[in-house]
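Visitor: I have a model to look at and some terms to test. Could you take me through the reasoning behind each label?

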Amino acid sequence: MRAHKAMFRYVEDILYSYDRRKGNKSKNKIAYDRYAHTVRVYQWMIRITNRLKDDSLDIESLKIATIFHDVGYGNSDSEEDHAKRSAAICRDYLERREYRPDQIDFICYLIEEHSNKKLFHEKSTPTELVVLMEADMLDDTGAMGIILDAWIESKEDNPSFETVCRHFEKYTYRHMKQMEFVTAPGKQFWHEKRKLVYEFLRQYKRDLGDLR
């Protein structure tokens with residue numbers, strides 16, 4: 001859809017223009033492409049909704065919220081958290097176009113609350129917010145989580161196979177072990193990622209000589 005392509009370009013420009021002004025932003029000392037993350041989260045959102053097949057879902061609002069959910073990282077000089085900044089940027093964008101006030105409010109609600117994991121399992125939480133949260137968590141996990149942990153640990157002093165293993169156990173493995181998803185498609189994707197992570201850790205420890 002043409003409107004969505006324009007939104008992606010708008011978000012991309014904000015995120016990359018901030019990088020050019022401030023230098024490469026980092027996530028745990030690594031250069032992290034926040035716009036590429038946004039595109040991947042959007043793809044996960046599409047995968048979930050395609051399998052969910054919920055006619056009551058406000059897919060248009062969900063798509064817009066997903067595109068804008070992290071744009072606030074491109075304005076990090078503000079003291080507000082990134083979700084609130086993202087919602088404010090999105091609201092300004094939509095109010096200058098022909099969007100209904102109630103739809104704008106709902107989209108900005110999704111953006112502002114997408115990091116509020118307390119809402120994840122509450123029955124009153126809109127499915128659109130649950131899907132956005134699941135899509136966001138599906139990125140940088142599983143195979144990508146394994147790579148991220150190795151990448152992050154490589155920036156520390158004296159990294160080794162053993163320190164990477166400990167970092168992996170502390171972050172990706174623990175996160176995937178503790179978190180449970182809500183939607184049926186989300187659960188299936190998470191199960192596939194979790195299976196990969198568990199098997200990776202088993203084989204990695206074996207290769208390191210762990211005899212337990």
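**Labels and their grounds**

Guide: Of the 212 residues in the protein chain, 45% count as buried. One caution: the model is predicted.

Visitor: What makes a residue count as buried?

Guide: Its relative accessible area must be under 20%. Take Cys 90, in helix α4, residues 82-95. Its relative accessibility is 0%, so Cys 90 counts as buried.

Visitor: Which residues does Cys 90 touch, leaving out those up to four places away in sequence?

Guide: Cys 90 touches Ile 64, Phe 68, Ile 107 and Ile 111. Contact here means heavy atoms within 4.5 Å. Two of these partners, Ile 64 and Phe 68, are listed among the buried residues of α3.

Visitor: Why is α3 called largely enclosed by the rest of the structure?

Guide: Count its residues. Seven of the 10 in α3 are buried, so the label follows. They are Ser 61, Leu 62, Ile 64, Ala 65, Thr 66, Ile 67 and Phe 68.

Visitor: How do you know how α3 and α6 pack?

Guide: From their axes. Helix α3 covers residues 59-68 and helix α6 covers residues 127-138. The axes lie 10 Å apart, at an angle of about 35°. The crossing of α3 past α6 is right-handed. On the α3 side, the contact is made by Leu 62, Ala 65 and Thr 66. On the α6 side, Glu 128, Val 131 and Leu 132 make it.

Visitor: How do the residues of that contact divide into nonpolar, polar and charged?

Guide: Four are nonpolar, one is polar and one is charged. Glu counts as charged and Thr as polar, because Thr is on neither the nonpolar nor the charged list.

Visitor: Zoom out. Which elements make up the protein chain?

Guide: Nine helices and two strands. From the N terminus, the order is α-β-β-α-α-α-α-α-α-α-α.

Visitor: Why is the protein chain called as compact as a globular protein of that length?

Guide: Set the value against the rule. The radius of gyration is 19 Å, and the globule rule gives 17 Å for 212 residues. The two are close, so the label holds. Along its principal axes, the C-alpha trace spans about 65 × 40 × 30 Å.

Visitor: How far apart in space are Cys 90 and Arg 206?

Guide: They are 48 Å apart, C-alpha to C-alpha, and 116 residues apart in sequence.

Visitor: What share of contacts joins residues at least 24 apart in sequence?

Guide: 65%, among contacts between residues at least 6 apart.

Visitor: And how much of the exposed area do carbon and sulfur atoms supply?

Guide: 49% of about 11900 Å².

Definitions and conventions: Residues are numbered from 1 along each chain as its sequence is written. This is a predicted model: local features need pLDDT of at least 70, side-chain atom pairs count only at pLDDT 80 or more; totals for chains, interfaces and linings use all residues. Side-chain values use heavy atoms; hydrogens and water are left out. Helices (H or I, at least four residues) and strands (E, at least two) are DSSP runs, numbered from the N terminus. Buried means under 20% relative accessible area, exposed over 50%, partly exposed in between (1.4 Å probe, protein chains only). Axes are lines fitted to C-alpha atoms, for helices over the stretch in contact, and angles run from 0 to 180 degrees between N-to-C directions. A crossing is left-handed if the near helix is turned anticlockwise from the far one by less than a right angle, and right-handed if clockwise. The radius of gyration is taken over C-alpha atoms; the globule rule is 2.2 Å times the number of residues to the power 0.38. Accessible areas come from the Shrake-Rupley method with a 1.4 Å probe; for residues, only the protein chains shown count as cover.
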